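Student: I would like a close look at a single part of this structure. Please take one helix together with its surroundings, and set it in the context of the whole chain.

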Amino acid sequence: MGSWLQLLLEGLAKCSGFLFVVFHLLTTFFWSLDASFSVKQIHSMILLLMDDLLIILRLLSTHSNLTELSKFHFDRIFPASNRVVSSFERVLALITSHIGQSTCTCPSVDPHCCFPSQILTIPFLWRFFPHLKEIFASPSVSCHYFHQMMLCMKDHINVLPPDIAIDLPGYACLLGNLLEVAGLAFAQPESFTMAIDFATVATFLLEALPSLQSSNMGSKEMSEDEMVIDDEQREKVLNLGLEQQITNAIDPRFLLQLTTVLLGGFSPPNGSHSGQLDEKHVAAVTAVCTFLHATFNILPLERIMTVLAYRTELVPVLWNFMKQCHENQKLSSLSEQSPYLPADAPGWLLPLSVFCPVYKHMLMIVDNEEFYEQEKPLSLKDMRCLIVILRQALWQLLWLNPTAPTNFGKSTTDIFAMKKHPLEFLQHRVCVVASELLSQLQDWNNRRQFTPPSEFHADGVNEYFIFQAMMENTRANEILKQAPFLVPFTSRAKIFTSQLAAARERNGSQGLFARHRFRIRRDHILEDAFNQLNALSEEDLRGLIRVTFVNELGVEEAGIDGGGIFKDFMENITRAAFDVQYGLFKETADHLLYPNPGSGLIHDQHLQYFHFLGTVLAKAMFEGILVDIPFATFFLSKLKQKYNYLNDLPSLDPELYRHLIFLKHYEGDVSDLELYFVIVNNEYGEQTEEELLPGGKSIRVTNENVITFIHLVANHRLNFQIRQQSSHFLRGFQQLIQKEWIDMFNEHELQLLISGSLDGIDIDDLRAHTNYTGGYHKVTAAAIFFTFFRLFCKGFS
């Protein structure tokens, strides 16, 4: 006992030395003990030493800088009701809080021996000293130490002691302790400056963390970039308790506090919508965006997106900031003030990396009336401006100033890539999230147009770009895959047609001789087609197929199939199989087709038929045959392997959608409605009840969980009920049509590829591009034909 006490007494000659010794004392007690000791046993040992530690209080009176503090402020800091606090904790509290007081005359403390670097790096500090946590959270103390840490990290000074254990690195222990105390500190008044420093420090520490075990559970395989990380770095794993301390601390309440402190003074009702941005505004946006950018790489997004989207002013504040910067051409000011960005980096990278995913999440629950009529959360005018900003940002990142190719895949949460290539990874993230948001805004525009479709097209798309886009492994081709809406639909349709032609040529479907000839009975066309098409391999399906029809008498019909009979065959199959009377498909109120959830009650082989019909549709598209099948948009989403959300529900069940929107805006107590997390299915008179959550029959819908209930009901109807039918249809479809071909088009455009345009025929264009024998004159047969054809089309329309 005497050895550490002697060191402690010697260290009292100087404040910084005292703190250094205290650190060694704590590490000796807590982390040098045999692993067999429990936390309870360690705590008991500490209590045995409290009597010896009382000497510290007496010796403090000899410390010139603390004499007055201990004499006049001890009772104020430790009132009688709190005298149960251990003596040792009182000493730490005195040493911690005397910094910055009028009685403090200590010289500049060596950062290596200061409180944050020594005491705050002790794992789970507040569990042992909860009272010290309250002292540290006081405004003057937390402000001083956060600023001190910020200066060290800004200058890249490593002041942390050696790690106690490989799974308890000092920087991670420091982060866990800071996150736990930050909530208390943010509750204090005038905490804006302190929050700026905290966000800077926390961002630095978050970026140093290894990949967390909890966020990787069930994740995809490692990327190539992660695989090249040396074995030593890849093996670094945090102590599970420390990991839980960090992830649990960044909870919705904490995020709400942080964003409120930093952005509360700049919300649209309080902040100006025009004019110059002051340094405080820029600093707040920089701090929030850098912290959240790092957090998005650590935590599962579903844990934090809801609170950021619905309970904070993050979206309106960031949008107001970006709009002002765009109008004043001041976006570069953000990169100048951000320690995360090089001075020459685009200033809009950080705001977009945060704004896009949060706003995208918000749009999942916004209903049609809010978006189009009430113009929430952004006005339609602002939406048009946002489309311009996103389009220009994507075009600059992908085409005008592309970064060196770095293989990030489609991941936006790769901690290893972020460490190795921070700027390139940030640019990659913006490309992904901006593309996803712009695609979602295009979906809203397709539902009800609020801006011309051409507003989504980049200004620089020309013939050279289209030529490059047709070739694999070119920059233009990559843009076509990642942000296809930047390219006009007609150009993408030409590329798609060329891809189909190349595929047909590779498989010899343009040859004169067919490898397969079908014999189809007219009165059993669906059954014969099902049996004969299913017998073909994928390679055979891409080849030429010829058809011979057999009439009701069993006699082959005359004629040679030069392509016309096969086209007639495809039209007959689709007409029969997609007829709602056959039971595989149902139609919406707008007569749009989608899989019948109850198809299994009608056909035993219903899933095999969906696979077959997917192949039929793909073969029609592969051969360039248009078929008149109007699909519902939410079903076409399944061909693109997309998820459907609440705003897709009106096309399927407008009455259910109205009920859910009523529930969303219900002002009373939702629990009074006696709703539970169950849904009743009614197929052909057979009612079944399904739980939306495990144990849903006993989970009542309340004001707190009503949004979750609405999401789950919409998900059940739009995704869950038709999941098997859609999955088998997609498998058959992808036998001939590659996913990357379809990904070039949205659902509206995909319907045009399947059925063609509903617009009228351009007679003048047809006449101008027709070859005439003997020329064209006003009195020729050709002129008379076009005159009557124009009248016919007009009357038909």
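Tutor: Contact here means heavy atoms within 4.5 Å. The model is a predicted one, and the part chosen is helix α41, which covers residues 747-755.

The start of α41 is capped by N746, with a side-chain oxygen 3.1 Å from the backbone nitrogen of H748. Just after the other end of the helix, G756 adopts a positive phi of about 90°. Between these two positions, the buried residues of α41 are E747, E749, L750, Q751, L753 and I754. They pack against α27 (422-447), α30, α34, α35 and α40.

One of these partners, α30, can be followed to a specific pair of side chains. Helix α30 comprises residues 489-506 and contains R492. The side chains of R492 and E749 are joined by a polar contact of 2.7 Å. R492 has a relative accessible area of 2% and therefore counts as buried, the cut-off being under 20%. E749 is likewise listed among the buried residues of α41. Apart from neighbours within four places in sequence, R492 has contacts with L480, P484, V487, M744, F745 and E749.

Helix α39 (residues 723-733) offers a further view of this region. Its buried residues are Q725, S726, H728, F729, L730, G732 and F733. Their packing partners include α34 (606-622), α35 (633-639) and α40 (739-742), and these three helices are also among those against which the buried residues of α41 pack. The buried residues of α39 additionally pack against the strands β3 (585-587) and β4 (593-595).

A surface site provides a contrast with the buried R492. F467, M470 and M471 form a nonpolar surface patch whose accessible area together is about 290 Å². M471 is placed in the loop that runs between α28 (463-469) and α29 (475-482). Because its relative accessibility is 34%, M471 is classed as partly exposed.

For the whole chain, the model has 43 helices and six strands. Of its 797 residues, 51% count as buried. Among contacts between residues at least 6 apart in sequence, 74% join residues at least 24 apart; the contact of R492 with E749 described above is one between α30 and α41. The protein exposes about 38200 Å², of which carbon and sulfur atoms supply 53%.

Technical notes
Residues are numbered from 1 along each chain as its sequence is written. This is a predicted model: local features need pLDDT of at least 70, side-chain atom pairs count only at pLDDT 80 or more; totals for chains, interfaces and linings use all residues. Side-chain values use heavy atoms; hydrogens and water are left out. Patches are made of residues with over 30% relative accessible area and no salt bridge: like charges are joined within 9 Å, nonpolar side chains (Val, Leu, Ile, Met, Phe, Trp, Tyr) within 5 Å. Accessible areas come from the Shrake-Rupley method with a 1.4 Å probe; for residues, only the protein chains shown count as cover. A salt bridge is a side-chain nitrogen of Lys or Arg within 4 Å of a carboxyl oxygen of Asp or Glu. Helices (H or I, at least four residues) and strands (E, at least two) are DSSP runs, numbered from the N terminus. Buried means under 20% relative accessible area, exposed over 50%, partly exposed in between (1.4 Å probe, protein chains only). A polar contact is a pair of N or O atoms within 3.5 Å; within protein, one must be able to donate a hydrogen and the other to accept it, and residues adjacent in sequence count only if both atoms are side-chain atoms.
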